[in-house]
Amino acid sequence: MVKTLNVQGMTCGHCKMSVEGALKKLDGVSAAEVNLDAGKVEVAFDESKVNVDDMKEAIEEQGYDVSA
């Protein structure tokens, strides 16, 4: 499944790497791609292993805000 999350506060390459890295560490996430200009992250994941709340928490732990 693919889900797009709106993430506030990402401004640079380091932000992109932090968010993508945090998501890819989660079991069940196969891909994460940040679009800095749009403030969005597209995540491909296995619903049986990980859910959106887990992904939001991983992003928020990096210091960014996730809006639905």
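Among contacts in the protein chain between residues at least 6 apart in sequence, what percentage join residues at least 24 apart? The share is 58%, where contact means heavy atoms within 4.5 Å.

Before selecting anything, keep in mind that this is a predicted model, in which local features need pLDDT of at least 70 and side-chain atom pairs count only at pLDDT 80 or more, while totals for chains, interfaces and linings use all residues. Residues are numbered from 1 along each chain as its sequence is written, and side-chain values use heavy atoms, with hydrogens and water left out.

**The whole chain**

Start with the protein chain in cartoon view, where two helices and four strands make up the secondary structure; helices (H or I, at least four residues) and strands (E, at least two) are DSSP runs, numbered from the N terminus. Followed from the N terminus, the elements run β-α-β-β-α-β. Along the principal axes, the C-alpha atoms fill a box of roughly 30 × 20 × 15 Å. The radius of gyration of the protein chain is 11 Å, in agreement with the value near 11 Å that a compact globule of 68 residues would have; this radius is taken over C-alpha atoms, and the globule rule is 2.2 Å times the number of residues to the power 0.38. Of the 68 residues, 35% are buried, which means under 20% relative accessible area, with exposed being over 50% and partly exposed in between (1.4 Å probe, protein chains only).

**The sheet**

Next, select the four strands, which form an open sheet in the order β2-β3-β1-β4 with antiparallel pairing; two strands pair if DSSP finds at least two bridges between them. The edges are held by β2 (29-35) and β4 (65-67), each of which has a single partner strand, so one side of each is left without a neighbour in the sheet. From one strand to the next, the twist averages 30°. Narrow the selection to β2 and β3 (residues 40-45), which pair in the antiparallel sense over six bridges, and then pick N35, which stands opposite K40 in β3.

**The helices on the sheet**

Add helix α1 (residues 13-24), which packs on the sheet by touching β2 and β3, and whose direction makes about 165° with that of β2. Axes here are lines fitted to C-alpha atoms, for helices over the stretch in contact, and angles run from 0 to 180 degrees between N-to-C directions. Then add α2, which also packs on the sheet, touching β1 (2-8), β2, β3 and β4, with its direction at about 30° to that of β1.

**Inside α1**

Within helix α1, select S18, which is buried with a relative accessible area of 15% and which, leaving aside residues up to four places away in sequence, touches Q62 and Y64. Now show the side chains of E20 and K16, which meet in a salt bridge (3.0 Å, N to O), defined as a side-chain nitrogen of Lys or Arg within 4 Å of a carboxyl oxygen of Asp or Glu. A search of the whole structure finds one salt bridge. E20 and K16 are four residues apart in helix α1 and are therefore separated by about one helical turn; E20 is buried, with a relative accessible area of 12%, whereas K16 is partly exposed at 27%.

**Last stop: α2**

Finally, move to E60 in helix α2 (residues 52-61), a residue that is partly exposed, with a relative accessible area of 42%. Draw a distance from E60 to V50: the two are ten residues apart in sequence and 16 Å apart in space, C-alpha to C-alpha.
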